[in-house]
Amino acid sequence: MILRHIFSPPNNTRLGNLCGPTDAHLRSIEAALEVRIAHRHEQFKVDGPKAKAQRAMEMLQALYEMAAKPIPDEVVQLMLAGDGAPEPGDGPSLSTRRADLKPRSVNQALYLDNIAQYDITIGIGPAGTGKTYLAVAAAVDALHRSAVQRIVLTRPAVEAGERLGFLPGDLNQKVDPYLRPLYDALYDLMGFEQVQKAFERQALEIAPLAFMRGRTLNNAFVILDEAQNTTPEQMKMFLTRVGFGTKAVITGDVSQIDLPKTQLSGLIDAERTLRRVEGIAITRLTSADIVRHPLVARIVDAYDAARAQEEIALALGSAPTLPVPEVAAPRTGLPKPRAQRSKTTV
C-alpha cells in the first residue's frame with residue numbers, strides 16, 4: 001500500500017527536524033516498521049503493508065507537530081517502541097528530576113501500580129523494559145515524599161561469564177563495577193550533587209547482596225537488582241530482611257542467568273514459591289515493553305524463539321548435536337626400511 005501526504009504549511013525547519021540528520025529519523029522508522037519512505041520537499045510517500053504504512057504516516061505527522069526544534073533520536077525510538085503505550089497521565093506520577101518520567105507501556109504502568117500498592121514487588125522481564133530504572137524512580141519519589149527514610153540498593157556480585165580476578169582498591173572500589181547501573185539510574189533521576197548529599201547523610205546506600213545478612217531494614221525502600229543471579233538461599237535471606245515501613249522491589253531477567261548451569265536461580269524459585277503469597281505482586285514484562293533501540297526487542301524475540309526450538313527438540317529427543325571435530329586418519333602401511341649403514345674396514 002502506498003500512502004501520500006503533503007505537510008502544510010511547508011516549513012523547511014520543521015521538515016529538516018522531522019527527517020533528522022541525513023534522514024536518520026526516516027531510516028529508523030523504515031527499519032522498525034519495514035516500510036519505505038520517500039520525500040521531495042513537503043511531499044512524503046510511504047510504501048508498505050497497510051497497517052505499518054498507516055502507523056508510519058501517523059508517526060510522521062506526530063513528529064512534524066513537535067519538529068519546531070530538533071528531535072532527539074531517543075524520542076523517535078520511544079515512539080516506535082510505544083505501540084499500545086498508555087496515554088500521558090496514566091500510571092502514578094513520580095517526583096524525580098525527570099519531569100517527563102512516565103510508564104511507556106501498560107505493563108510498566110501495572111509495575112509501578114504494584115510497587116505503590118504492595119510491600120514486596122517482583123519485576124521479571126528482558127533487558128530494556130525499565131525494571132531497574134522504574135524501581136529506582138519509585139524509590140527516589142518515596143524518599144522525596146518522606147515515605148521512607150533511606151534507599152538501599154543491592155545486587156549480587158556475580159561476573160557475567162568472565163573471570164576478572166582480584167580488583168584493586170578498597171571495598172567500595174571493588175564492588176563499584178558491579179553496582180554501576182544503579183549509580184547511573186540515580187545520577188539521572190537525582191543529579192550528581194543530590195546523590196552525593198544523600199550518601200553523606202546516609203539516606204542512600206549501595207551494597208553487594210552478601211552484606212545484607214543479619215540486617216533488619218526498617219522504613220526503607222530496598223531494591224534487589226539482577227536477582228536472577230541469586231541462589232534460593234540468598235533470595236530467602238534478602239526477603240527476610242524486610243522490616244516495618246519498608247518496601248522491597250526485586251528485579252531480574254531469567255534469560256540472562258550467570259550462575260553455574262547446575263545452580264537453580266533464586267528468582268525462578270521465588271516466582272514459583274511466592275506466587276500465591278498475599279502481599280507480594282509479580283509483574284511480567286515482555287519484549288513489547290522494551291524502550292531501547294527497536295533492534296533490542298527483535299534480538300530478545302530471536303533468542304526466545306531459538307530457546308523455544310531447543311526445548312521442543314529436547315522434548316522430542318532430537319536435540320541438536322555439536323559437530324564432531326575431524327581427526328586425522330592413522331597412517332597405514334609398512335614402515336619405510338632404514339638405510340643400511342655402510343661398514344668401513346681399516
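**A friendly look at a predicted fold**

User: Which helix holds Glu 271?

Analyst: Happy to start here. This is a predicted model, where local features need pLDDT of at least 70, side-chain atom pairs count only at pLDDT 80 or more, and totals for chains, interfaces and linings use all residues. Residues are numbered from 1 along each chain as its sequence is written, and side-chain values use heavy atoms, with hydrogens and water left out. Helices are DSSP runs of H or I with at least four residues, strands are E runs of at least two, and both are numbered from the N terminus; Glu 271 sits within residues 266-274, which form helix H10.

User: Is Glu 271 buried or exposed?

Analyst: Buried means under 20% relative accessible area, exposed over 50%, and partly exposed in between (1.4 Å probe, protein chains only). Glu 271 has 14% relative accessibility, so Glu 271 counts as buried.

User: Which strands stand at the edges of the open sheet?

Analyst: Two strands pair if DSSP finds at least two bridges between them. The six strands follow the order S6-S5-S7-S8-S4-S9, with parallel pairing. Each edge strand has a single partner, so one side is left without a neighbour in the sheet; these are S6 (204-208) and S9 (280-284).

User: Which element gives the largest share of the largest nonpolar core?

Analyst: A nonpolar core is a set of buried Ala, Val, Leu, Ile, Met, Phe, Trp, Tyr and Cys residues joined through side-chain atoms within 4.5 Å. The largest one has 32 residues, and Leu 186, Phe 221 and Ile 223 touch the most other members. Nine residues, the largest share, come from H6.
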